[in-house]
Amino acid sequence: MNSKTLVIRNGTVIDPSLGLNGSYDVRVRGGLMEGVYAPGTLPAGDGTEQELEIDACGCIVTPGWIDLHAHLFPERAVLGVEADRVGIRQGVTTLADAGSTGTAYFGRFAEEVIAASRTEVLAWLNIAEQGLCEGRAELADLSRLKVEQTVELVRAEPSIIGIKARMSGSVVKENGIRPLEIAKAAARTANVPVMVHIGNAPPRLGEVLDLLTAGDVVTHAFHGKAGGLFDADGRIIPEGVAALARGVRLDIGHGSASFSFKTMRRALEARIGRYTVSTDIYRQNCEDGPVYSLAVTMSKLLALGIGLDDIIGAATSLPAQIAGRGEQLGTLRTGTIADITIARVKEAETEFVDAEGERLAGTQVIEPEWTIKGGELHRCG
Ligand SMILES: [Zn+2]
């Protein structure tokens with residue numbers, strides 16, 4: 001139990017869950033949020049404990065960032081990266097692994113990644129038992145999709161927030177839409193959402209969307225490939241309109257090939273205002289780009305003209321709700337886990353690049369400076 005108290009003074013607190021954007025002081029006690037205080041109203045400490053103070057002058061202070069799509073199983077699965085490297089060292093207090101494993105290797109994942117990381121690691125369990133641990137066509141053999149074992153594990157493991165199905169031609173091969181039907185059957189029984197990766201057909205995106213229900217998540221929603229969410233005239237396809245009306249969620253999932261500025265502009269023109277910002281980060285795209293980090297992905301949204309409050313909401317309260325953790329994460333509410341990100345929004349002429357190679361000039365970059373995870377302070381970088 002962490003009994004130290006921590007005071008963050010002089011920052012600009014942005015917390016969409018509480019409707020806050022302004023100057024406040026923040027105090028953390030025993031790993032939990034004590035409160036957010038208007039300037040001059042911070043109650044005196046009781047003097048019995050050590051109090052650590054951070055001057056956040058010139059910084060934003062937000063609920064800890066949550067990245068719903070990352071690849072975090074470096075020892076076993078293709079492409080994985082070490083969780084803390086893209087987590088607490090980059091302002092991210094909670095990461096969700098997106099299908100590195102299904103039931104077959106989850107025990108090892110729990111031991112080697114969840115238990116070994118200071119960043120909180122959640123998981124979308126791959127509907128294929130081997131996940132990404134035996135190559136990248138995990139849905140080509142339907143005998144590896146085991147509904148009963150999947151349901152049992154989801155029920156037993158609180159870190160599992162839903163089921164992942166990667167619905168691209170290169171992953172499903174001859175199986176079309178069938179793997180998603182199986183994933184949905186398991187998710188329905190276990191009462192969790194599905195995160196579906198979209199990419200190149202088959203299956204067609206319309207078919208994928210028609211199977212999704214409220215709370216399910218479409219990741220790579222704003223990719224620049226053919227057959228995406230928008231038709232040639234820039235209108236949302238009818239199945240997309242219907243899915244959004246049903247409460248299906250959209251997630252960025254940037255990745256090496258799955259985020260297009262052009263598509264995101266279409267989404268903004270279509271007034272799509274609710275989406276989560278996530279990275280699809282893995283070893284190569286965090287080292288060589290175009291992803292680099294969640295902060296860089298958020299900075300790209302700033303360069304597209306999206307407001308800072310909306311971006312923070314897309315990295316805190318919205319992903320917390322999707323993960324079923326809205327009561328504890330993505331908020332600075334009194335009594336919740338003290339997960340906080342302190343970041344600087346620096347004025348800097350910067351050129352950003354999307355997954356299609358399009359360049360975009362920006363004037364600001366978001367740079368995390370401190371991460372507070374469960375009341376523990378970590379320096380970023
Ligand atoms: Zn991914």
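In which sense do strand β1 and strand β2 pair, and over how many bridges? Before I answer, please keep in mind that what we are looking at is a predicted model.

Strand β1, residues 5-15, and strand β2, residues 20-29, pair in the antiparallel sense, and they do so over nine bridges. If you want one position to find this pairing on the screen, take valine 13, whose bridge partner in β2 is glycine 22. The two strands form a hairpin with four residues between them, and in that turn glycine 19 has a positive phi of about 65°.

Following the chain onward, β2 also pairs with strand β3, residues 32-37, again in the antiparallel sense, here over five bridges. Valine 28 has methionine 33 as its bridge partner in β3. The hairpin of β2 and β3 has two residues between the strands, and glycine 30 takes a positive phi there, near 60°.

Let me turn from the backbone to the charged side chains. Side chains of opposite charge can pair when their charged atoms come close. The structure holds 21 salt bridges, and I will go through a few of them.

One of them joins the side chains of lysine 373 and glutamate 120, with 3.0 Å from N to O. Because lysine 373 lies in strand β15, residues 359-373, and glutamate 120 in strand β8, residues 120-126, this pair ties together parts that are 253 residues apart in sequence. As for their surroundings, lysine 373 counts as buried at 11% relative accessibility, whereas glutamate 120, with a relative accessible area of 22%, is partly exposed.

Next, consider arginine 144, which forms a salt bridge with glutamate 129, the closest N and O atoms being 2.7 Å apart. Both glutamate 129 and arginine 144 lie in the loop between β8 and α3, the helix of residues 147-156, so this pair ties together parts that are 15 residues apart in sequence. Glutamate 129 is buried, its relative accessible area being 14%.

Arginine 144 also forms a salt bridge with glutamate 134, where the closest N and O atoms are 3.2 Å apart. Glutamate 134 is likewise in the loop between β8 and α3, 10 residues from arginine 144. With a relative accessible area of 44%, glutamate 134 is partly exposed.

Finally, there is a network to look at: salt bridges that share partners join Arg27, Arg29, Glu34 and Glu51 into one network. For those of you following along on the structure, β2 covers residues 20-29 and β3 covers residues 32-37, which may help in locating the residues of that network.

Conventions. Residues numbered from 1 in each chain as written. Predicted model: local features only at pLDDT ≥ 70, side-chain atom pairs only at ≥ 80, totals over all residues. Heavy atoms only, no water. Salt bridge = Lys/Arg side-chain N within 4 Å of Asp/Glu carboxyl O. Buried < 20%, exposed > 50% of the residue type's maximum accessible area, 1.4 Å probe, protein only. Pairing = 2+ DSSP bridges.
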